[in-house]
Amino acid sequence: IISRAEVEAFLALSGQGGEENWDLVTSDDKIEVKRHRDRSLCGGVFVRLSAHLDSIKDPADIAACYMDYTERSKWDKQVVKFELLHH
């Protein structure tokens, strides 16, 4: 479970600078992925994902899909050992 403090820490980080601080990784008509230019943040992998998913009616479904790392590890082979990082 991701705590309120962790969400607040993320929001503080994501607000650092404007759009000029984000490099486009990939984009199409449904998805956009950007990486923060400051590679010292979050171990150098601080990304922002935006998606337009017509079939999803409840944003909580998307949040659960990405933030439940036990479930996510079943389909995302890059999730091998998840640990919450406390700042």
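Which side chain meets that of Arg48 in a salt bridge? The side chain of Glu19 does, with 2.9 Å from N to O. I shall return to this pair after introducing the chain as a whole. Please keep in mind throughout that the structure shown is a predicted model.

Let me begin with the overall layout. The chain contains three helices and three strands. Following the sequence from its start, one meets them in the pattern α-β-β-β-α-α. There are 87 residues in the chain, and buried residues make up 14% of them. The chain exposes about 6,900 Å², with carbon and sulfur atoms supplying 57% of that area. As for contacts with a separation of 6 or more, 25% of them are accounted for by residues 24 or more positions apart.

I turn now to the strands. Strand β1 covers residues 22–27, and five bridges join β1 to β2 in an antiparallel arrangement. These two strands form a hairpin, and three residues lie between them. One of the pairings can be located on the structure: Thr26 has Val33 in β2 as its bridge partner. On to the next pairing: β2 is also joined by five bridges to strand β3, residues 47–51, and these two strands run antiparallel as well.

A good place to look in β2 is Lys34. This residue belongs to strand β2, which spans residues 31–36. Is Lys34 buried or exposed? Lys34 counts as buried because its relative accessible area is 13%, and the cut-off for buried is under 20%. Its bridge partner in β3 is Arg48. Leaving aside residues up to four places away in sequence, Lys34 touches a set of residues that includes Trp22, Asp23, Leu24 and Val25, as well as Phe46, Val47 and Arg48. Glu19 is also among the residues touched, and the side chains of Lys34 and Glu19 make a polar contact at 2.7 Å.

A second residue of β2 deserves attention, namely His36. His36 is buried, as its relative accessible area is 4%. A polar atom of the His36 side chain lies 3.0 Å from the backbone nitrogen of Asp38.

We come to the charged pairs. As a general remark, side chains of opposite charge can pair when their charged atoms come close. In this chain the count of salt bridges is seven. The opening pair, Arg48 and Glu19, is one of them. Arg48 sits in strand β3 and Glu19 in the loop between α1 (4–14) and β1, so this salt bridge ties together parts that are 29 residues apart in sequence. Both partners are partly exposed: Arg48 has a relative accessibility of 25%, and Glu19 has a value of 45%.

Another salt bridge joins Arg37 and Asp23, whose closest N and O atoms are 2.4 Å apart. Here the link runs between the loop connecting β2 and β3, where Arg37 is found, and strand β1, where Asp23 is found, the two being 14 residues apart. Arg37 counts as partly exposed at 49% relative accessibility, and Asp23 is partly exposed with a relative accessible area of 23%.

What distance separates N and O where the side chains of Asp54 and Lys30 meet? The distance in this salt bridge is 3.2 Å. Asp54 lies in the loop between β3 and α2 (59–67), while Lys30 lies in the loop between β1 and β2, and the pair links these distant parts of the chain across 24 residues. Again both are partly exposed, Asp54 with a relative accessible area of 48% and Lys30 at 37% relative accessibility. Beyond individual pairs, salt bridges that share partners join Glu19, Glu32, Lys34 and Arg48 into one network. The opening pair and the buried Lys34 thus appear together in this network.

Finally, I wish to point to the surface. Which residues form a nonpolar patch there? Leu49, Tyr66, Met67 and Trp75 do, and together they have about 380 Å² of accessible area. Trp75 is placed in the segment after α3 (69–72). With a relative accessible area of 43%, Trp75 is partly exposed.

Definitions and conventions: Residues are numbered from 1 along each chain as its sequence is written. This is a predicted model: local features need pLDDT of at least 70, side-chain atom pairs count only at pLDDT 80 or more; totals for chains, interfaces and linings use all residues. Side-chain values use heavy atoms; hydrogens and water are left out. Helices (H or I, at least four residues) and strands (E, at least two) are DSSP runs, numbered from the N terminus. Buried means under 20% relative accessible area, exposed over 50%, partly exposed in between (1.4 Å probe, protein chains only). Contact means heavy atoms within 4.5 Å. Accessible areas come from the Shrake-Rupley method with a 1.4 Å probe; for residues, only the protein chains shown count as cover. A polar contact is a pair of N or O atoms within 3.5 Å; within protein, one must be able to donate a hydrogen and the other to accept it, and residues adjacent in sequence count only if both atoms are side-chain atoms. Two strands pair if DSSP finds at least two bridges between them. Patches are made of residues with over 30% relative accessible area and no salt bridge: like charges are joined within 9 Å, nonpolar side chains (Val, Leu, Ile, Met, Phe, Trp, Tyr) within 5 Å. A salt bridge is a side-chain nitrogen of Lys or Arg within 4 Å of a carboxyl oxygen of Asp or Glu.
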